[in-house]
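User: I should like to understand the terms applied to this structure and the grounds on which they are applied. Please set each value against its definition.

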Amino acid sequence: MSHAPVVVTGVGCTSALGTTVDATWAAACAGRRGIAELRLFPTASHRTSIAASVELAEPTPAERGWARAERFAMVAAREATAGIAANALRTRRAGIFFGSSTGALFEGERLLAELLARRQPSVRPIAAIQNDGPGTSIARALGVRGPVVTFSTACTSANVALGAALDALRSGEVEVAIAGGADELCEITYAGFNSLRACDPQPSRPFRASRAGLSMGEGAGVLLLETLAHAEARGARVLAELAGAGRSCDAHHVSAPAPDGSGAAAAIRQALGDAGAWAEQVTFVNAHGTGTPHNDDAESKAMAAVFGARSAQLPLTSTKSLVGHLLGAAGGIEAVLTTLSIVHRLLPPTAGDEPIDAALGLDVVTGSARALPEHNLGLSTNLAFGGNNAVVLLRSWR
Amino acid sequence: MNARAVVVTGIGCLGPYGAGLPALATALASGTPTAREVDRSAGYHRRHSAQLVAGCAGMDLSAWLSPQAARRMSDLSQFAVAASRMALQDADLADVRSDRTAVVLATALGPGGFTEQLARQILEKGGKAASPFLFTDCVANAAAGQVAIDLGARGANLTLCQREAGPLLALAQGAEEVGRGRADICLAGAVDEMKPLVHALLDRFRALARPTPHGEAARPFDRRAAGALAGEGATVLVLEAETAARARGATILARVGPSVRAFDPTAGRAGFGRDAAGLAEALGSGLRGTLAEVDTVVSGASGVRTLDRLEAAVLRATGSDRAFVMAPKAITGEFGGGTLATAILALRGADFAVPVACTQPDPALGITLGGGTHRAGRVLLTGLAAGGVAAWTVLDQP
């Protein structure tokens, strides 16, 4: 099916590597990890003690009472929209499509602790606890009047949101969309993933033979998307095309991926069809790559199913090894990094120096950033609890 | 814009009124909610808090869910799976195992019970005490994932978190999955559970009606309105392409009409906005000629005065106040998708009583609730959410 192009004209992110795109990109290309000892809450009672936590400046008066995830989202959204006139967003033809898995659970935990201690907490954090906080806060701050939708599909949330934005732009419901995700670290997800033995006590080692789990992270990743006509009319610089999206469900297990990667493969094929592209045209992959043994194994099988023998020569990286696993925001920051890979023709490395798991049959970029060809079609994949799979394809623009 | 006409061919619903559309019909005909006293033993509630909840405690779901399966799920997942199975039975669909079956659910509050239990484990006993069982079913999309696993639905699996607007956004998203040809069948709807902690938080935020000399009740559009009745339950609709439904001889309950999504940036983080003119303009221009033929409004008004004032102003500005207006949340409580089920019932034709708590229409709002036997031709469903999101959907006679 042929669609009017949807293009990326702005990017913004907040991560443990920095609170700007430039800082995050420079660190990612240098292979620098943002994963360190966690200071957000005490970790003595947890099984691990590291994460990729974001250091934020003190909140402005307008941000008092905001959850961390809302602040991450706002920082990233302001950066992504820095190049567009405010009036272009204060309209019904602008929308927000956002993903968040934890919402403001960190603040929710503090609230519950107060209640359990029989204290009378402020009600202000209650407003932020629901998962739609980051998306609606952006909408309110920027004066958006079109559709505002929050998806919460665990680790695929932001990729699902990007797909929904693509639909809305293609259908003509909106001309401009702010899309991505934000999530914050909290004890529930930290302890929860640890209870599944899914966290590596060391910084995560995706696709390595020694891989032993993920590293939790937090932050936000946001794209400014426009119809090509809107972008051209205002003379915007096009960074890339959001070419396609695909979604599927394993219907297999609440927390483990289908071992054969069939659900992820179906989502990739759907995205290729949506983009009007062939598997042979994909030039690199920003993989889900959590570093858990099961995920990386299933994902490698999905790559083999879609790309065949070429999966062993297709450059692939896991930026989660650098910024941590941002859960509902993972697709957002990975879409930002995939866009930058297209702009700079450079694929950041997967952190670590242990041997790659040869049994996976993948060309994992390690050591230093890998140069990419002039024209690229980048695939960004995410898999999630509930058997959820969501992928997006970003393409070089002309 | 959907390329294929989409119809509703089945419904499953459960709530404080019981299980199934006949139970809802009985409740709506009586005009009396089924509410019971909320458990305040945990100490989360303040002394003069709301005391009633429209809950599903003790409901027998064994016709749709085995006790063994139920033990592995949160209440939220149980509600969703039971309502989905009920909907498929109603649609006379025995087997929907396919990558062409999608699931789209909205939840405003998510699995609050499991989340609270997990948080208490961590706060009281440390991170290592966290239960993996609780964790995997405490993400917002766990219910949709459980539905997919139960039914073998391998298409898109989406969960939206957009407070009171969620059910309509989910219906619109589900119709889009089918209408764009990405799915042949979509189970779309809403699910929520109402545990004492969430009830207490809503009460602390002054969202709930409290005891008064007139009793404790939700009174939408009534001069005595002072808050909502917190509810829980699930409503799931089976959506199919009209051509496919007719080809298999399915009973068509409704045709899904156009939807409109908008945002009111004058809304506070937890409150309702004031821009009725802007919302009315969005609704009017979004639905164009469709709006003039609306003969029934299933309103999302809940008894929260700021919501009802905004809702009434939008209805008046668009002329929708002249239709037969219903406010089913007075009976079903807020959350659980009762408005979706009520709209299907209205299209089928039923007896509707003016809720017994709503006998004194607020003259300042100018909305008089309809009562008596009524069969709708075209229903406008409204969903204005705290925080600023707005959604409207039209359902037509087939």
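Analyst: A cavity is a set of grid points where a 1.4 Å probe fits but cannot get out, and its volume is the space filled by probe spheres set on those points. In this predicted model, the largest cavity holds about 140 Å³ of space. Of the 20 residues that line the largest cavity, B:E164, B:P167, B:E334, B:F335 and B:G337 are the closest to its centre. The whole structure has seven cavities of 30 Å³ or more.

User: What makes a residue part of the lining, and which elements of chain B supply at least two residues of the lining of the largest cavity?

Analyst: A lining residue has an atom within 4 Å of a cavity point. Helix 7 (166–179), helix 14 (338–348), strand 7 (185–192) and strand 14 (378–384) of chain B each supply at least two such residues to the largest cavity. Domain 1 (6–254) and domain 2 (258–396) of chain B each contribute at least three residues to that lining.

User: How do the residues lining the largest cavity and the second largest cavity divide into nonpolar, polar and charged?

Analyst: The lining of the largest cavity has six nonpolar, nine polar and five charged residues. For the second largest cavity, with about 90 Å³ of space, the division is ten nonpolar, two polar and no charged. Its lining includes B:T342 and B:G370; glycine counts as polar in this scheme.

User: Why is the pair B:R180 and A:D167 called a salt bridge?

Analyst: The criterion is a side-chain nitrogen of Lys or Arg within 4 Å of a carboxyl oxygen of Asp or Glu. The side chains of B:R180 and A:D167 meet at 3.7 Å, N to O, and the pair therefore satisfies the cut-off. Between chain A and chain B the count is eight salt bridges, whereas between domain 1 and domain 2 of chain B it is zero.

User: How is the extent of the contact between the chains, and between the domains of chain B, expressed?

Analyst: Interface size is often given as the accessible area lost when the parts come together. Chain A and chain B bury about 5700 Å² between them, with 59% from carbon and sulfur atoms; the contact takes 70 residues from chain A and 67 residues from chain B. Between domain 1 and domain 2 of chain B the buried area is about 4800 Å², with 68% from carbon and sulfur atoms. B:E164, B:L168 and B:F221 supply 20% of the area that domain 1 buries against domain 2 of chain B, more than any other three residues.

Key: Residues numbered from 1 in each chain as written. Chains lettered and ligands numbered in written order. Predicted model: local features only at pLDDT ≥ 70, side-chain atom pairs only at ≥ 80, totals over all residues. Heavy atoms only, no water. 1 Å grid on protein atoms, 1.4 Å probe; cavity = no way out; pocket = protein on both sides within 12 Å on 5 of 7 lines; lining within 4 Å. Helix = DSSP H or I, 4+ residues; strand = E, 2+ residues; numbered from the N terminus. Domains from an automatic or database assignment. Contact = heavy atoms within 4.5 Å. Buried area = accessible area lost by both parts, 1.4 Å probe.
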